[in-house]
Amino acid sequence: MTAELHVLAAARLRREDQRYTSNRRALVDALQAADGPLTIPELLERCPGVPQSSAYRNLALLEQARVVHRIVTTDEFARFELTEELTEDHHHHLICSRCGSVTDFSVPPSLERRLEKALDEVAGATGFAAEHHRFDLVGRCADCA
Ligand SMILES: [Zn+2]
Ligand SMILES: [Zn+2]
Ligand SMILES: [Zn+2]
């Protein structure tokens, strides 16, 4: 799985005329090992060899190549994870509007299917052909509630 992930990541970067450098590989490794989305400071902590100056640029490139997904939160701290296309792990997020924490959140497959169907119907009425969905819940986490 890990080897395959790196092959996919390298192929996506190549399409952008970018190389899969050791720093980019370190970032992907850290994201894969994490049990949730990471902020840049958290990533840097796990990638001591990656200079902060290059982390921003590398993450932007990885995002552009669709290796990394940036989660929009309510605070200024962006969080990153590997894209679902790479991990084949479809899920949603619980975003706390108070402390900014982001937790991965899975919906049972039967509910996902109903959700897909309902979304297809609504979007289809506008002539839009949906490929996948992406949504996050914003509220208060258990600690902040
Ligand atoms: Zn919170
Ligand atoms: Zn996630
Ligand atoms: Zn879903």
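This report walks through the two domains of a predicted model and one of its sheets.

## Ground rules

Residues are counted from 1 along each chain as its sequence is written, while chains are lettered from A and ligands numbered from 1 in the order in which they are written. Since the model is predicted, local features need pLDDT of at least 70 and side-chain atom pairs count only at pLDDT 80 or more, though totals for chains, interfaces and linings use all residues.

## Two domains

The chain splits into domain 1 (1–89) and domain 2 (91–145), with bounds from an automatic or database domain assignment. Their C-alpha centres sit 22 Å apart. Nine residues from domain 1 and nine residues from domain 2 make the contact (C-beta atoms, placed from the backbone, within 7 Å).

## A three-stranded sheet

Here we meet an open sheet of three strands, ordered 5-4-6, with mixed pairing. Strands are DSSP runs of E with at least two residues, numbered from the N terminus, and two of them pair if DSSP finds at least two bridges between them. Strand 5 and strand 6 are at the edges with a single partner strand each, so one side of each has no neighbour in the sheet.

Strand 4 (residues 92–96) runs antiparallel to strand 5 (residues 102–105), joined by four bridges. Along this pair, H92 faces F105, and I95 has V102 as its bridge partner. The two strands make a hairpin with five residues between them, and G100 in the turn has a positive phi of about 80°.

With strand 6 (residues 136–139), strand 4 pairs in the parallel sense over four bridges. There, C96 stands opposite G139.

Conventions: Contact = placed C-beta atoms within 7 Å.
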